[in-house]
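Student: I would like a close, careful look at one part of this model, with the terms explained as they come up. Please then follow the thread to whatever else deserves attention.

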Amino acid sequence: MKSLKELTRPNIWNLAAYSSARNEYSGKEAHVFLDANENPYNAPLNRYPDPLQTELKEKISSIKGVKPGQIFLGNGSDEAIDLVYRCFTEPGTDNVVAIEPTYGMYKVCADINNVEYRRVLLDERFQMSAEKMLEACDEHTKVIWICSPNNPIGNNICKEEIEKILNTFEGLVVVDEAYSDFSQQEPFRTKLSRYPNIIVLNTFSKAWGCAAIRLGMAYASEEIINIFNKVKYPYNINLLTQRQALEMLDDPFGVDKWVRTLLQERGRMISAFQLLPICKGVYPTDANFFLAKMTDAQAIYNYLVDKGIIVRNITNVTLCNNCLRITIGSKPENSELLSALRNYQ
Ligand SMILES: *Cc1c(COP(=O)(O)O)cnc(C)c1O
């Protein structure tokens, strides 16, 4: 790996972060706060929230097994994705390499930041070749994007290939594990100490059932997390989100139960899809969704919309011709989708 100084944009490396009132004094003993121009009334909403979300990170740390100092919290993982570009890629000069197809935000954020986005096609089994990824890199490649389990397919990317990249690539490797709670594979967040160049993404939006509160995590070395903290908005996670997340973390077993139910339902849905005459095949998945190849994705999509059932038509995505991406819903929702498809003609 190159040094972090070489990988960081010079203006970011030299940046003096904004110092907020809550940064300058963060002790617990004081009881009169006249330092932040807040309104003394309307507690608790009158106070600025903890800029570094200390309590929340400690709880996440104990559940996810990552040190508090190795955790960045963002307004969804999307904030972390954007920060990777803003911290490490020079607009107009640097580039990133990503698997294709994959999650669309990596490309959108590259475009917003005016950074070249290089795609490397997965093979016919939607697997990545580390060699091909590395071949696509040059001296201006700062970041490699890998999503595993990958969206929109749902399969895990082969662990050995990811490790090859982590061991060989000189820049940063982002492994987006938004769906790892649904997978049997050991997550990469447990290997932070082995790979100084890894950034792992997690989110409250999927297994944790909290897409509405907008909370995403990035796990990486403390040095990388400190750079994110310098660049983020000072109070990027609002009080309501922090409180709600703390409440969710008090009951991780509720989440385990959801995950078990969703995995069971996934099995039931895939078996049922394989029997549908209009389904030509289902791809292997390790996520809370699956990809199904249909006889005519667009017509079936329209038919379902007519019945008030929305799935994702991804027929225009590379390698996904005539595919629908189906999220696993509740039992009644899944059954409604199946009976609609059984009646399709
Ligand atoms: C859903 C999803 C996310 C989550 O994004 P949030 O901003 O945290 O809601 C991240 N990465 C992938 C690949 C996803 O599919």
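Tutor: Let us begin with a single pair of residues: Gly 281 has Lys 293, in β9, as its bridge partner. The model is predicted, so local features need a pLDDT of at least 70 and side-chain atom pairs count only at pLDDT 80 or more, while totals for chains, interfaces and linings use all residues. Residues are numbered from 1 along each chain as its sequence is written, and side-chain values use heavy atoms, leaving out hydrogens and water.

The pair belongs to strands β8 (residues 279–282) and β9 (residues 289–294), which run antiparallel and are joined by three bridges; together they form a hairpin with six residues between them. Here strands (E, at least two residues) and helices (H or I, at least four) are DSSP runs numbered from the N terminus, and two strands pair if DSSP finds at least two bridges between them. Strands of a sheet pair through backbone hydrogen bonds, either parallel or antiparallel.

The parallel sense is found between β2 (residues 95–100) and β4 (residues 141–147), which pair over four bridges, with Ala 98 facing Trp 145 of β4 as its bridge partner. Both strands belong to an open sheet of seven, ordered β1-β7-β6-β5-β4-β2-β3, in which the pairing is mixed. Its edges are β1 (71–74) and β3 (116–121), each pairing on one side only.

Following the chain beyond β4 brings us to the loop between β4 and α8 (159–168), where Pro 149 is placed; the peptide bond joining Ser 148 to Pro 149 is cis, with omega about -5°. Pro 152 has its place in the loop between β4 and α8 too, and the bond from Asn 151 to Pro 152 is likewise cis, with omega near 15°. Most residues other than glycine have a negative phi, and most peptide bonds are trans. Gln 53, in the loop between α3 (21–24) and α4, has a positive phi of about 50° although it is not a glycine.

Finally, the ligand is surrounded by 14 residues, the closest being Asp 176, Tyr 179, Thr 203, Lys 206 and Arg 214, where a residue counts as near if one of its heavy atoms lies within 4 Å. An N or O atom in the side chain of Tyr 179 is 2.6 Å from an oxygen atom of the ligand, and a polar side-chain atom of Arg 214 lies 2.7 Å from a ligand oxygen atom.

Definitions and conventions
A polar contact is a pair of N or O atoms within 3.5 Å; within protein, one must be able to donate a hydrogen and the other to accept it, and residues adjacent in sequence count only if both atoms are side-chain atoms.
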